[in-house]
Amino acid sequence: MSAVLKDPEAPFGHHHGPMLTGVYAPLAEEETLTDLPVEGKIPADLNGVYLRNGPNPRFEPKGAYHYFDGDGMLHAAVFRAGQLTYRSRWIRTEGWLENEAAGRETHWGVMATVKGNPKKPMSNVANTDVIGHGGNAVATWYLAGVPYLVDPVTLETVRGAPEYVGGSGNGMSAHCKVDEVTGELMFFDYFAEPPYMRYGVITDDGELVHHVPIELPGDRLPHDMGITEHYSILHDLPVYHDEAALKAGRHKIRFDASLPARFGVIPRRGAPESIRWFEFSPCFLYHVVNCWEEGDEVVMVACRYMPAEHSDGTIDEQRTAKMIAHLMMDARLWRYRMNLKTGETHEECLNPDLNVEFPGYDSSRTGRKTRWGYLVDHDPNTLRWTGIRKFDTDTGECVGAWTDGHDHCWYTEPWFAPADDATTEYHGYVIVFVWNDEAREEQLQVFDARDLNAGPMARITLPHRIPPGFHACWMKPGQIATW
Ligand SMILES: [Fe+2]
């Protein structure tokens, strides 16, 4: 009997909805590819790895599928002396290994269960972010779990790392921050019982040197944080679980416009009581661009979600919650200022016109003043990024943009890759994957960061589509233990 060939654009059929078919359909294989066709030239002073994480379910989901559920798969573009190697591997999470042994999906997704429900177990799929730390890549999960350490070049899972977060019983949220000057990694964890949050610091060699409870007013669903040279900035946003749904074992979120957005500034290794909270207009925000100190002020540049409004201008809490739950983004670049001396606050929209998200920048300057941010244009109706833009985050001006077609392209999160001998923030490249649905072609594109308007200086064509995903990072050779 001949094998039945699965449709690569609907490997699990069409009954799971749009996020598992067409452009979003997962890949069935892991690959290593070299000698790919290049249009233009890969710069010789571009050395390191662009890594992209995202959902790529290995087996057909049990029940309803949410885009957040799929097993984490990393895609690596390894640049070495003008040559490129592309590699894809699933992260060998505990759940992935259980599924592999069973030959089927053995966990439930966020539409059917909540984290910690013993009757309907969920898997920490580590599919959300990836960041370089201590010589490895760290893959993380938005609901907070054990982070997985991965070799950034071979993409072999080095280990799951429970000791990394001190056996807290919980873990690390998707977005931690690495200070590339000191090598420290700052992270938070959040959960539905008091104190609702924990904050920690891990050194370059993987030692947990600081881990403290952060008391929030209630159950919250924060997503990101920020760091400066001396402080960390933690988020208390007016988004939390619907209590009745949580009791019934269902994941449903509420946006509460009667509460402020609060940002807590805590010294890097500060005691819990040393945190200072600053209040701002109610909002949700997924992603911080960067933070730094200016005199007595802590500055945070972020992509603020614009709450949906009723026709009378008041906030539509239900629609806002739905948009957040399904990543239907309507976000603007926003600058927050918190004065540690006077307690004064200031918030301002940097660019009212452009809906942009998923920021990249020069991560060697995380926590230090940066000027340039690289973001994606966001289709507000679905999770599709239609082009990339460079912003001057001092003024909010968009100083460069590129797309191969807003109506038929899917871009990934762009990251800045410094040139080997870079001494300035703009000397380097911007790396991104793009699927062109009209040309039916996947490319890895390299831009001169100084001029996105000039278009890609190198286009490397891959033999197939890479499904859209979440976050990416750039790792320099000096950050990679096995380079
Ligand atoms: Fe995120």
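# A guided tour from Gly-264 outwards

Begin by selecting Gly-264, which touches Ser-232, Ile-233, Leu-234, Ile-275, Arg-276 and Trp-277, leaving out residues up to four places away in sequence. The model on the screen is a predicted one. Gly-264 belongs to strand 18, which covers residues 261-267. Is Gly-264 buried or exposed? Its relative accessible area is 0%, and because buried means under 20%, Gly-264 counts as buried. Now add Tyr-231 to the selection and draw a line between the two C-alpha atoms: Gly-264 and Tyr-231 are 33 residues apart in sequence and 9.7 Å apart in space.

**Second stop: Met-300**

Select Met-300 next, in strand 21, residues 297-305. Met-300 has 0% relative accessibility and therefore counts as buried. Show its surroundings: apart from neighbours within four places in sequence, Met-300 is in contact with Ile-233, His-235, Phe-263, Val-288, Asn-290, Cys-291, Trp-334, Arg-335, Tyr-336 and Met-338. For a view across the model, select Ala-102 as well. The C-alpha atoms of Met-300 and Ala-102 lie 46 Å apart, and the two residues are separated by 198 residues in sequence.

**Third stop: the nonpolar cores**

Move from Met-300 to Met-338, one of its contacts. Which residues does Met-338 touch? Not counting residues up to four places away in sequence, they are Phe-263, Val-265, Phe-278, Phe-280, Asp-296, Glu-297, Val-298, Met-300 and Glu-344. Met-338 is also among the residues with the most contacts inside the largest nonpolar core, together with Tyr-199, Ile-214, Leu-234, Phe-263 and Tyr-336. That core has 81 residues. Another core, of 28 residues, lies apart from it; to find this second core, select Met-73, Ala-77, Leu-444 and Ile-466, which are among its members.

**Fourth stop: an open sheet**

Display the strands as ribbons and look for an open sheet of four strands in the order 10-11-12-13, paired antiparallel. Which strands stand at the edges? They are strand 10 (177-178) and strand 13 (208-215), each of which pairs on one side only. Inside the sheet, colour strand 11 (residues 185-190) and strand 12 (residues 196-202), an antiparallel pair with six bridges. To see one bridge, select Phe-187 and its partner in strand 12, Gly-200. Strands of a sheet pair through backbone hydrogen bonds, so the backbone atoms should be shown here.

**Fifth stop: a hairpin**

Go on to strand 26 (residues 384-392) and strand 27 (residues 397-402), which run antiparallel and are joined by five bridges. Together the two strands form a hairpin with four residues between them. In the turn, select Gly-396, which has a positive phi of about 85°. One bridge of this pair links Lys-390 to Gly-400 in strand 27.

**Sixth stop: the largest pocket**

Select His-251, Lys-252, Ile-253, Ala-321 and Ala-325, which lie nearest the centre of the largest pocket. The pocket encloses about 710 Å³ of space, and its lining is made up of 33 residues. Which elements supply at least two residues each to this lining? They are strand 17 (253-255), strand 20 (285-294) and helix 3 (317-325). Helix 3 gives the largest share, with six residues. Colour the lining by class to find 19 nonpolar, eight polar and six charged residues.

**Last stop: the cavities**

How many cavities of 30 Å³ or more does the structure hold? There are five. The largest has a volume of about 290 Å³. Of the 24 residues that line the largest cavity, select those closest to its centre: Asp-129, Ile-131, Lys-177, Tyr-361 and Trp-415. Strand 6 (129-133), strand 10, strand 20 and strand 33 (472-475) each give two or more residues to this lining, and the largest share, four residues, comes from strand 6. By class, the lining of the largest cavity holds twelve nonpolar, seven polar and five charged residues.

Finish at the second largest cavity, with a volume of about 190 Å³. Select Asp-69, Gly-70, Glu-105, Trp-108 and Gly-109, which lie nearest the centre of this cavity, among the 21 residues of its lining. The lining of the second largest cavity divides into 13 nonpolar, four polar and four charged residues.

Technical notes. Residues are numbered from 1 along each chain as its sequence is written. This is a predicted model: local features need pLDDT of at least 70, side-chain atom pairs count only at pLDDT 80 or more; totals for chains, interfaces and linings use all residues. Side-chain values use heavy atoms; hydrogens and water are left out. A nonpolar core is a set of buried Ala, Val, Leu, Ile, Met, Phe, Trp, Tyr and Cys residues joined through side-chain atoms within 4.5 Å. Buried means under 20% relative accessible area, exposed over 50%, partly exposed in between (1.4 Å probe, protein chains only). Contact means heavy atoms within 4.5 Å. On a 1 Å grid over the protein atoms alone, a cavity is a set of points where a 1.4 Å probe fits but cannot get out, and a pocket is an open set with protein on both sides within 12 Å along at least five of seven lines; lining residues have an atom within 4 Å of a point. Grid points are joined across faces, edges and corners, and a volume is the space filled by probe spheres set on the points. Ala, Val, Leu, Ile, Met, Phe, Trp, Tyr, Cys and Pro count as nonpolar, Asp, Glu, Lys and Arg as charged, and the others, Gly among them, as polar. Two strands pair if DSSP finds at least two bridges between them.
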